[in-house]
Amino acid sequence: MMKSRTRSALTATAAALTLSLALTACGGSGSDDGTNADGSKQLTFMFRGGEDEKAAYTEAIKQFEAANEGVKVNMIVTTADEYATKLQAAITGRQIPDVFYVEPGQVQSLATSGVVMDLTEKVEGSDVIDLDNIWEYGVDSYRFDGSVQGEGAIYALPKDIGPFSFGYNKTMFEEAGIELPDVDTPYTLDEFVQVAKELTQDTDGDGELDQWGTGLNVTWNLQAFVWGNGGDWINEAQDTVTVDTPEFAEALQWFADLQNVHGTTPSVEQAQTLDTYQRWMQGEIGFFPVGPWDVSTYNELDFEWDLIPYPSDAGTPATWIGTLGIAASNSTKHPDEAVELVEYLVANVDAQQTLVDAGVQIPNLIDMADEWVADTESKPANKQEFLDVARDYGRALPANNTYSAQWYDEFFVNIQPVLDGDQTAAEYVKEVQPKMQVLLDEAIAASQNAGS
Amino acid sequence: MAHVPVADDAPTDAASAPIAAPFPGATAVEQPSPPLRPRKSKLHARERRVGLLFVGVPIIGFLTFTLYPLLFSLYASMTKWNGLGPMRFTGFDNYVKMAGDERVHTAMFNTVFLMLGIPIGLILSLVLALALNRKMRGTTFFRTVYYVPVISSLAAIAIMWQWAFNGDFGLINQALDLVGIQGPNWLADKDTVKPAIIMMTVWKGLGYSMLLYLAAIQSVPASLYEAAALDGANAFQRFRSITLPMVRPVTFFLVVTSIIGGSQVFIEINIMTPTGGPEYSSATIVWHIWRTAFNYRDMGYASAMSIVLGLLVFVVTAIQFRRNARSTFSVE
């Protein structure tokens, strides 16, 4: 009696172990039909971000669940570093979340592989969302017509757009007795150098500089000056790397000279953001970039600051706009609910208010943004600059609309000698262009391959 | 039913009964064992089945989690594939491309360069182990101190060292400043980023190697030292001729595992230099593979690089085992 019971228990254990392993191996393709035990529909929303996003989306989801009885939303939050890897793993394992963040650079591959849903019809006929009230740049970033990005069907809606603007330390200007910059007319490049030189000072007379005109990280600031000088990384057809033009080289050289020739930035060797970022926050830097996500931090600083357009010789300034989108999975069990959830996350007024109040983004809804700008109580005073970037002169980062960003990243890998003054910009762009072109050609080939 | 008078909590399983009562005298009523003959009993067959089920667990695990992914990536390495869409077979294109890919060469070189930390770490940990083997106060305290980095999260450590290496406010440069040296911006300078990372990995691994060495040193028979001392060997001779050969198995183990681990360095690179460092000077091969696969969506090429890396690690380890087998040391 006893013996046989032990034996069968043993057999059962072994069988259970084997079976469970075999089941796990199958990737749980079994019983998930998107319905909970109580019969309610289950949606999964995967995103990355901090507490502010989580709070805002919890609010939006609560309202979505109230409007859609019997639908439950499960949130999966990851860190920014982990997100791309986790999403890729989820897609490869066919465990695609119903709703998730995408970057503009992912749109082509996700759309051609049929991972993300074409939202066009549902969104255009929606009563939750009004496309005209959302930044056009944002929506267009997620359009793809099969060959060109920026046109055609909508594969995601913008979670936000991040106009990357330029700021100055007003207190420093006043103490130095320098005329404040005009909020509408950008400095010319020469004027900018002139002011930056005047700001670079030894204020306490100990023989060492205490404040500098500027200190800009090349990865995020060079775009404004290259574009402002008429250069670009890529041609309009998105098939040729154009960094080897004179306009481009001139802008890059000018950027490097801020440090090497004019001495308007801290330490010669370092272009690392952290250092100048810290110095800006301590009030030692005159001009520094400002993204909407910086506003809450900068408003805590001990000095007055405001926004101005980036310097430009062309009269019209230029800079880039970041964006992140929210897409719905093509394989979701509940397509209508998934799309509606996207709409809630993107356009819910309370959620937007939470994010704007937290000082991490500008309103996604245009009417709300106009109201926000009109409010003169909150800093910065010239919030309008953010909207000008969003509406008029902001552009996509060069690799946003290509299949892969490898060609663009290549540009920055070996740039340090130029910034240190050991190599001229003209030499460098001539050297790097062919390497970038090879990588861009590969990206184009990969894109055609994925589509076929 | 149970003829064998064993205690209630002893195994009642028939197969284990003879083993359970091996003491003569304790088993007065033990029956003589049945004569040996080919076992074909029903019981035996059932036991075999249960056995197979147990063996099946790791085998299925191996097939699904090791062999299948391995074969799959071998196939993927011969395709153009973005990880989402269809795979297009391209033969050895990826491997040919790798041979001329500057970035892959740089990443390989960086990975090997970072392994310079292995001998440094081994020497330091052996010295530490010798020091902590002496009879002095506070050894337990120091053992704990040196072991704390081992059990700490690598990500947290990487962030901590990233701060320590900061050019302006970092602990290391502040310390250097006290003795009048102006430290570099460690992680932003292509000449100092690799030494900086080596420093960190040595620090992190020290406690582990030290503990293994300590255990090995303590298991060296004292009689060997006594005999050597009688023969007039001085402390250095005793160390060279007794301690060093006796801890050789541990050294071998540490070298093999460190090289395998060292060829897979990823987390510290990704956290401390998220873009692969200035001029790609801190990009390791695994980091480059990860970036190719997940940032640039070139799974096929990334698979090919992984296969080559796997083969290299295999070959290097095999050579080490052969060399070790040829020069085995034993005490007569």
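In this predicted model, Thr319(A) of strand 10 has Gly394(A) as its bridge partner in strand 11 of chain A. Strand 10 of chain A also pairs with strand 3 and with strand 6. The points below cover the strands around strand 10, a β-α-β crossover in chain A, one helix of chain B, and the record for chain B.

**Strand 10 of chain A and its partners**

- Strand 10 spans residues 319-328 of chain A, and ten of its ten residues are buried.
- Strand 11 (residues 394-395) of chain A runs parallel to strand 10, and two bridges join them.
- Strand 3 (residues 99-102) of chain A is antiparallel to strand 10, with four bridges between them.
- Within that pairing, Tyr101(A) is bridged to Ile326(A) of strand 10.
- Strand 6 (residues 157-163) of chain A is likewise antiparallel to strand 10, here over six bridges.
- Ile326(A) is also the bridge partner of Leu157(A).

**Crossover in chain A**

- Strand 1 (residues 41-48) and strand 2 (residues 71-78) of chain A run parallel and are joined by eight bridges.
- Between these strands the chain passes through helix 2 (residues 51-67) of chain A, giving a right-handed β-α-β crossover.
- One of the bridges links Phe47(A) to Val77(A) in strand 2 of chain A.

**Helix 4 of chain B**

- Helix 4 of chain B covers residues 102-114, which is 13 residues.
- From first to last C-alpha, helix 4 of chain B reaches 18 Å, close to the 18 Å expected at 1.5 Å a residue.
- The buried residues in helix 4 of chain B are Val104(B), Ala107(B), Met108(B), Asn110(B), Thr111(B) and Leu114(B).
- Viewed down the axis of helix 4 of chain B, these buried residues fall within an arc of 160 degrees, so they line one face of the helix.
- Their packing partners in chain B are helix 3 (93-99), helix 5 (117-133), helix 9 (193-218), helix 12 (248-262), helix 14 (285-295) and helix 15 (299-326).

**Recorded transmembrane regions of chain B**

- An unreviewed UniProt entry lists "transmembrane region" for residues 50-71, 107-132, 144-164, 206-225, 246-267 and 299-319 of chain B.
- In the model, residues 50-71 of chain B are 100% helix and 0% strand, with end C-alpha atoms 30 Å apart.
- Residues 107-132 of chain B are 92% helix and 0% strand, and their end C-alpha atoms lie 38 Å apart.

Terms used. Residues numbered from 1 in each chain as written. Chains lettered and ligands numbered in written order. Predicted model: local features only at pLDDT ≥ 70, side-chain atom pairs only at ≥ 80, totals over all residues. Pairing = 2+ DSSP bridges. Right-handed = clockwise from strand over helix to strand, strands pointing away. Expected span 1.5 Å × (residues − 1). Buried ≥ 20, exposed ≤ 12 C-beta atoms within 10 Å, placed from the backbone. Arc of directions from axis to C-beta. Contact = placed C-beta atoms within 7 Å. UniProt positions renumbered as here; feature names shortened; annotations may be inferred.
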